[in-house]
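Below are my notes on the model you sent. They go point by point and keep to what can be read from the coordinates and the confidence scores.

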Amino acid sequence: MWGMKAEERISARACGKIREAIADAEGNEVVLAAWLDGAGTVDRVEVVSRGDVESAPAVLRHLERVDVVIHNHPSGVLAPSKADLSVAGILGEEGVGFYIVDNEVRHVYVVVEPLPERPLTPLPEEELAALLSPGGPFSAMPHYEYREAQVGLLREVVRAFNDDGILVAEAGTGIGKSYAYLIPALLWGTNNEERVVVSTATITLQQQLVEKDIPYVQKVLGTRVKVTLVKGRQNYLCRHRLAEVLEEGAEDLFADPDLLKALADWAVSTPTGDRADIPFHVPDEVWGQVCSEAELCMGLRCPDRERCFVLRVRKEAAASRLLVVNHHLLFSDLSMRMEGRGFDTAAVLPGFSRLILDEAHNLEDSASSFFSQVLSPEGVLRVLRRIHSRGRRGAKGVLRRLEKTLGGLEQAEEWIADLNRIAERAEALRGVWLALLPEEGTVRMDGDAVSRCAPGFESLFALQEEILGFLGEVDRLIKSLDEAMKDHPAVQEFLLHVRRLRDVARFCQAYRDRADAEQVYWVERVRRTRGEPSFRLVITPLDPGALLREHLYEAVKTLVFTSATLTVGGSFTFWEETVGLVGMGDRLRERAFPSPFPYEEHVLLSVPTDAPPPEDAGYQAYLSSLLKEVLVLSEGHALVLFTSYRMLEDTYRDVAPVLLDHNLLVLKQGEDERSRLLSRFKEIPASILFGTESFWEGVDVPGEALQLVVLCRLPFRVPSHPVLQARVERLAAEGKSPFYHRQLPEAIMRFKQGFGRLMRRTTDRGVVLVTDSRIVSRSYGRLFLSSIPRTRLAVTHTEGVLREMERFLYPG
């Protein structure tokens with residue numbers, strides 16, 4: 001199949017560029033993004049990825065804003081393969097064309113024609129603002145209040161859509177920010193048929209959007225935009241993995257044989273494959289063996305592809321104009337695309353051009369986590385078990401299926417011995433590193449630490465060498481197979497797992513070299529599922545903002561970042577620096593919208609000026625004594641926030657027995673799951689909740705259940721974590737003060753989050769007690785105070801604070 005002459009569709013200049021790219025790839029497959037000129041001819045191309053003679057990865061994130069995707073067939077036969085047709089179909093849904101060329105670029109076969117770009121319909125700002133104004137359709141809502149800040153935020157979101165802009169908006173609690181961004185998002189999807197993604201940090205907000213806010217907004221607007229809540233693929237059953245379990249036997253996994261039968265029966269009847277729809281309990285360790293996982297997905301070569309639950313979700317998402325996701329899914333999807341995985345493997349989200357990121361204050365932490373590379377003994381052993389293991393019925397794993405497919409494998413026993421040696425090296429790795437690490441905490445791999453951990457690096461080298469030896473043997477076998485056998489699903493599944501071992505070997509090399517100055521190399525001691533000690537080696541980007549800028553900000557037309565906590569002293573500079581937004585020019589707009597809540601009437605901020613400094617030896621005794629009085633005075637209804645678990649435990653031992661004598665129940669982080677602790681706290685009026693870092697945000701307890709928030713220490717992070725250490729050192733090297741450019745603004749952001757736990761509704765009322773007197777005794781304290789809403793104040797000695805609190809909580 002020769003198609004048409006290349007010059008009919010591709011300019012001479014672009015043909016030359018394609019030939020150069022193919023030559024650079026030594027004649028192997030290359031994927032190129034291409035753009036059309038005004039006459040519909042490809043005039044500009046850019047290499048996206050390079051593969052081997054069988055395939056090349058299609059990197060979706062690079063392909064969303066292009067007109068055509070071009071790739072070559074080294075064989076010269078331009079007939080599209082099944083993989084080509086599948087990728088072309090997905091691209092076609094986005095209006096992107098798909099061309100195949102020969103290596104000399106003499107001929108081109110057009111699989112999918114590119115759709116001409118449709119003119120966009122701008123959003124009418126004044127009309128949308130009127131929707132939320134008095135007399136507008138939303139004024140019929142129960143408990144409607146006109147909020148100037150809400151309308152102001154909506155206007156800014158509209159401009160970000162119309163101008164392909166980036167909006168950073170701090171929206172104080174109670175503004176109603178979800179309506180302010182949903183109205184433009186839904187109308188944009190209706191008018192322009194472009195996909196909008198709304199990403200949130202919490203399940204609570206996702207559910208509120210999908211179950212309450214979006215249906216109501218659609219009803220008022222009269223729109224019928226298809227909306228999909230997209231979950232991570234691990235929430236869905238993998239039919240292929242379940243079939244493997246059924247075939248190989250799972251007596252060692254399913255202690256209850258009835259559970260396996262029930263799961264198999266459910267797989268036949270379920271239309272969704274969603275774990276949330278299972279009518280019986282499936283333990284995590286069982287679900288982990290049958291759920292979909294990106295690293296195990298066979299993609300286009302999976303025999304169960306046509307019945308794949310994840311593919312159904314992807315198709316539903318591709319047909320939707322508004323997707324609601326969480327940050328975890330958004331960044332895991334983005335990181336997979338950055339690794340070069342494309343349409344046929346890991347990605348769940350379809351292409352999108354407009355993104356609204358709610359609860360955006362932790363963007364740096366989310367990006368750092370998902371852009372990190374991690375190696376643990378458990379991860380290596382998990383890969384090995386999937387290649388080969390033994391159950392009660394004998395050998396299991398992809399190696400057994402490969403042997404069966406090939407009609408025998410003379411290297412099988414030798415490979416099993418290789419895999420066992422790799423497992424021994426992985427187990428040895430754990431013992432060596434644990435002996436080198438402190439009982440708690442993390443260690444940064446630089447300077448003296450590298451010398452002290454020399455035995456650990458030697459064990460890492462030994463593991464790498466065993467893996468490379470095994471990979472060499474595998475490569476020799478694969479090269480001996482004919483083309484048809486190489487493409488067999490069993491062979492591809494085997495190679496999929498082998499690729500994970502290649503990743504392990506690459507990680508070992510990178511960690512041993514530590515050559516990239518833009519990465520932080522560190523190790524931490526962790527606990528396994530059953531509590532046994534282990535460790536993780538981690539490589540984290542020093543500046544995740546640079547990656548966000550390249551792979552997200554420049555790939556999406558509209559970006560809206562919003563949260564109640566984005567400024568420090570009225571400035572967005574700190575947050576923007578941490579996430580790579582500085583220098584975005586006229587495309588970036590900043591706006592701050594204060595909360596409409598009556599803080600000056602409803603909140604008392606109390607600070608005992610005679611409290612000893614937190615670093616003082618007498619501070620713990622003072623804190624415990626004060627809390628006994630304060631919590632009895634408030635009759636519970638209190639959230640007490642700490643900056644360390646040790647301080648929480650010490651305080652709990654001191655005060656819990658006394659409070660129990662007053663019929664007050666103290667709940668503390670760690671004694672139950674977070675969600676259950678919060679449920680009990682809401683249900684039991686005379687209760688107190690002690691929490692550390694994770695409870696400083698995301699706690700929403702409106703009404704009388706919460707009337708007192710105690711902040712036991714200004715939330716400065718000690719720069720002991722390796723990543724924070726490295727970022728602090730970078731600031732110092734640039735001549736900046738790490739305290740004023742990092743530690744202080746970060747503490748203020750977290751302080752604002754803690755302060756914000758008290759007032760969740762306009763009628764809420766209560767006290768915020770800050771027991772750390774540095775907020776008034778140190779010069780930087782005014783930055784903390786200027787970053788929160790104006791309140792009533794009780795800044796005096798301890799006795800005076802107690803009197804003012806009593807008057808405020810019990811007026812009259």
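1. Two strands are taken as paired if DSSP finds at least two bridges between them. In this predicted model, strand 20 (residues 603-608) pairs with strand 25 (residues 766-770) in the parallel sense, over four bridges. Within that pairing, L604 stands opposite V767 of strand 25.

2. Strand 20 has a further partner, strand 26 (residues 792-796), and this pairing is also parallel, over five bridges. Here S606 is the residue that stands opposite A794 in strand 26.

3. Is strand 20 mostly covered or mostly exposed? The strand is mostly covered, with six of its six residues buried. V603, L605 and V607 point one way, while L604, S606 and P608 point the other way, and both sets are buried. S606, the residue opposite A794, is thus listed among the buried positions together with L604.

4. On confidence, the protein chain averages a pLDDT of 89, and 95% of the residues score at least 70. Among the elements, strand 24 (residues 708-711) has the highest mean pLDDT, 98, and helix 2 (residues 60-63) the lowest, 44. Over residues 52-63 the pLDDT is below 50, yet this stretch has 47 contacts in the model beyond near neighbours in sequence. Residues 341-346 also stay under 50, and the model has 27 contacts for them beyond four places in sequence. Please keep these scores in view when reading contacts from either stretch.

5. The domain assignment divides the protein chain into domain 1 (4-112), domain 2 (122-226 + 328-376 + 544-594), domain 3 (230-319) and domain 4 (599-809). Domain 2 is given as three segments. The C-alpha centres of domain 2 and domain 3 are 32 Å apart.

6. Which residues of the largest nonpolar core touch the most other members? They are Y553, F561, W575 and F784, in a core of 88 residues. Helix 28 (residues 738-755) supplies the largest share of this core, six residues. A second, separate core has 49 residues, among them L375, L402, L460 and I467.

7. W575 deserves its own entry. Not counting residues up to four places away in sequence, W575 touches V168, A360, H361, L363, F561, L566, L581 and M749. One of these, F561, is listed with W575 among the core residues that touch the most other members.

8. T567 lies in the loop between strand 18 (558-563) and helix 22 (573-578). T567 counts as buried because its relative accessibility is 5%, under the 20% cut-off. Leaving aside neighbours within four places in sequence, T567 is in contact with E170, F572, M749 and K752. M749 also appears among the residues that W575 touches.

9. E746 is found in helix 28, the helix that gives the largest share of the main core. What is the burial state of E746? At 14% relative accessibility, E746 counts as buried. Apart from neighbours within four places in sequence, its contacts are F574, R717 and L724.

10. The loop between helix 20 (489-513) and strand 16 (519-527) holds D516. D516 is partly exposed, with a relative accessible area of 34%. The side chain of D516 reaches the backbone nitrogen of E518 at 2.9 Å. D516 and V474 are 42 residues apart along the chain, and their C-alpha atoms are separated by 30 Å.

11. R514 is found in the loop between helix 20 and strand 16, where D516 also lies. The phi of R514 is near 45°, a positive value in a residue other than glycine. R514 is partly exposed, at a relative accessible area of 27%.

12. N663 is not a glycine either, and has a positive phi of about 60°. Where does N663 sit? The residue is in the loop between helix 25 (645-661) and strand 22 (665-668). N663 is classed as exposed because its relative accessible area is 66%, over the 50% cut-off.

Note on methods. Residues are numbered from 1 along each chain as its sequence is written. This is a predicted model: local features need pLDDT of at least 70, side-chain atom pairs count only at pLDDT 80 or more; totals for chains, interfaces and linings use all residues. Side-chain values use heavy atoms; hydrogens and water are left out. Helices (H or I, at least four residues) and strands (E, at least two) are DSSP runs, numbered from the N terminus. Buried means under 20% relative accessible area, exposed over 50%, partly exposed in between (1.4 Å probe, protein chains only). Contact means heavy atoms within 4.5 Å. A nonpolar core is a set of buried Ala, Val, Leu, Ile, Met, Phe, Trp, Tyr and Cys residues joined through side-chain atoms within 4.5 Å. Domain bounds come from an automatic or database domain assignment. pLDDT is the predictor's confidence in each residue, from 0 to 100. A polar contact is a pair of N or O atoms within 3.5 Å; within protein, one must be able to donate a hydrogen and the other to accept it, and residues adjacent in sequence count only if both atoms are side-chain atoms.
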